[in-house]
Amino acid sequence: MRILVNERGAARLLSRHLWVFRRDVLSGPDAPGLYPVYWGKRFLALALYNPQSDLAMRAYRFRPAEDPVKALLDNLDTALRRRLPHLEGEPEGGFRLAHAEGDFLPGLVVDYYAGHVVVQATAHAWEGLLPQVAERLKPLAKSVLAKNDAKSRELEGLPLYVRPLLGPVPERVAVREGGVRYLVDLLEGQKTGAYLDQRENRILMERFRGERALDVFSYAGGFGLHLALGFQEVISVDSSKDALQRAEENARLNGLNLKTVEANAFDYLRSLERAGERFDLIVLDPPAFAKGKKDVERAYRAYKEVNLRAIKLLKEGGILATASCSHHLTEPLFYEMLREAAQDAHRSLRVLEKRGQGFDHPVLLNHPETHYLKFALLEVL
Ligand code: SAH
């Protein structure tokens, strides 16, 4: 059984992009699974296949293999090997063990939280393989949880559920990150429990000192906890009450002070501006405003608005740490947006560092969708 693609599908795979959409599949098996992909007689790749999904084919290997299942799981072993030195150095830390397409494991995310592992599968062909995935994770995992509640599973015709694959799963675990610890709600948190992609950027906050810092879109206090080590006053802003309760718990766990504000970030920044407040450092870590290509223009305006407000609130020489996790807002657009915000605020922005997602969220240049996080560290003058 094989998948046959048309010329456009073949061109994508030959460019080493991993995705082929259903309109470019000429024929294929009826059942989801792992299959070889051909263009005429030419072998192109091995792929996860789901004929029901618009994103019908996701390649994971560009050479033939005797055993397609073993070849896929070997990619997981390769991904684990890349992280192992970091895990061994920090067994109580939080790391992404498998970053889907970026690790040639399309549709599979595996996150490690101080010995407890959370798996999220969003491609149909993984569903039957999850026991084998758990088996490969066993040497480094006290427990493995399948957190298969991502909405995108519905596009694949998959059910939503959360259930243990290995051992009893604790409700929460404490994860070490730089100079702080934070609690992860394994069963109920956003995504797999935390936003590991910003790990290194959050730790970076420990280098700054000052009077007042503002952490906007704070979730469970991620950036704010690190800031509280060096600032007299830190305000964490989020629209989710749950997230802020966790932020307060995390602050207590570390014996640190965080002031939490439940508000819409746009309104709150405006009210700070009206009140003439000023800060030494502001973090902006908004959710993805652009979910698709169509939203880019509207999202651009929203990103520009929060950045413009933050720039106005910063003291001379203040620090803006600002991110976008929308793949569709490309890196050049992100910096163009910041330039326009600075221009409109009549302030100068000096780039201290251009950064992105952590080493454990690898980017495949041939598959641009793997690069989504932009993070700029800027001085406002
Ligand atoms: N900085 C966090 C992750 C932020 S995720 C960390 O490092 O862990 C984005 C957060 O933005 C979510 O917690 C979500 O509740 C919040 N959010 C979304 N829209 C918002 C809005 N309009 N105003 C305030 N918070 C918002």
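## A tour of two sheets and their helices

Begin by selecting strands E17 and E18 (residues 314-324), which run parallel and are joined by five bridges. The model you have open is a predicted one, and this pair of strands is the starting point of the tour. Within the pair, pick Val 283 and look across to its bridge partner in E18, which is Ala 321.

Stay with Val 283 and turn to its other neighbour, Asp 215, which stands opposite Val 283 of E17. Asp 215 brings you to strand E14, which runs parallel to E17 (residues 279-284) and is joined to it by four bridges. Now select the whole of E14 (residues 210-216), a mostly covered strand in which five of the seven residues are buried.

Next, add strand E15 (residues 231-238), which pairs with E14 in the parallel sense over six bridges. One place to look is Gly 210, which stands opposite Phe 231 of E15. If you then show helix H5 (residues 222-227) together with E14 and E15, you have a right-handed β-α-β unit.

**The seven-stranded sheet**

Widen the selection to the open sheet of seven strands, whose order is E16-E15-E14-E17-E18-E20-E19 and whose pairing is mixed. Which strands stand at the edges of this sheet? They are E16 and E19 (349-356), and each has a single partner strand, so one side of each is left without a neighbour in the sheet. From one strand to the next, the twist averages 15 degrees.

Two helices can now be laid over this sheet. Select helix H7 (residues 265-274), which lies across E14, E15, E16 and E17 and runs at about 150 degrees to E14. Then select helix H8 (residues 296-313), which lies across E17, E18, E19 and strand E20 (374-380) and runs at about 155 degrees to E18.

**Helix H6**

Move on to helix H6 (residues 241-254), whose 14 residues reach 20 Å from the first C-alpha to the last, close to the 20 Å expected at 1.5 Å a residue. Colour its buried residues, which are Ala 243, Leu 244, Arg 246, Ala 247, Asn 250 and Ala 251. Why do they lie on the same side of H6? These residues cover an arc of only 155 degrees around the axis, which puts them on one and the same side of the helix. On the face turned away from that buried side, look for the exposed residues Lys 241 and Arg 252.

To see what covers the buried residues of H6, show the elements that include strand E12 (172-177), strand E13 (180-185), H5, E15 and strand E16 (259-262). Just after H6 comes Gly 255, where phi is positive, near 65 degrees.

**The five-stranded sheet**

Finally, select the open sheet of five strands, which has the order E7-E8-E9-E10-E11 and mixed pairing. Its edges are formed by strand E7 (94-99) and strand E11 (161-166), each with a single partner strand, so one side of each is left without a neighbour in the sheet. Neighbouring strands here are turned by 20 degrees against each other on average, direction ignored.

Inside this sheet, strand E9 (residues 116-121) pairs with strand E10 (residues 143-148) in the parallel sense over four bridges, and the bridge partner of Val 119 in E10 is Ala 146. Add helix H2 (residues 68-89), which packs on the sheet, touching E7 and strand E8 (108-113), with its direction making about 160 degrees with that of E7. The last stop is helix H3 (residues 130-137), which also packs on the sheet, touches E7, E8, E9, E10 and E11, and has a direction that makes about 150 degrees with that of E9.

Methods: Residues are numbered from 1 along each chain as its sequence is written. This is a predicted model: local features need pLDDT of at least 70, side-chain atom pairs count only at pLDDT 80 or more; totals for chains, interfaces and linings use all residues. Side-chain values use heavy atoms; hydrogens and water are left out. Buried means under 20% relative accessible area, exposed over 50%, partly exposed in between (1.4 Å probe, protein chains only). Two strands pair if DSSP finds at least two bridges between them. A crossover is right-handed if, with the strands pointing away from the viewer, the path from the first strand over the helix to the second runs clockwise. The expected span of a helix is 1.5 Å times one less than its number of residues. The arc is that of the directions from the helix axis to the C-beta atoms. Contact means heavy atoms within 4.5 Å. Axes are lines fitted to C-alpha atoms, for helices over the stretch in contact, and angles run from 0 to 180 degrees between N-to-C directions.
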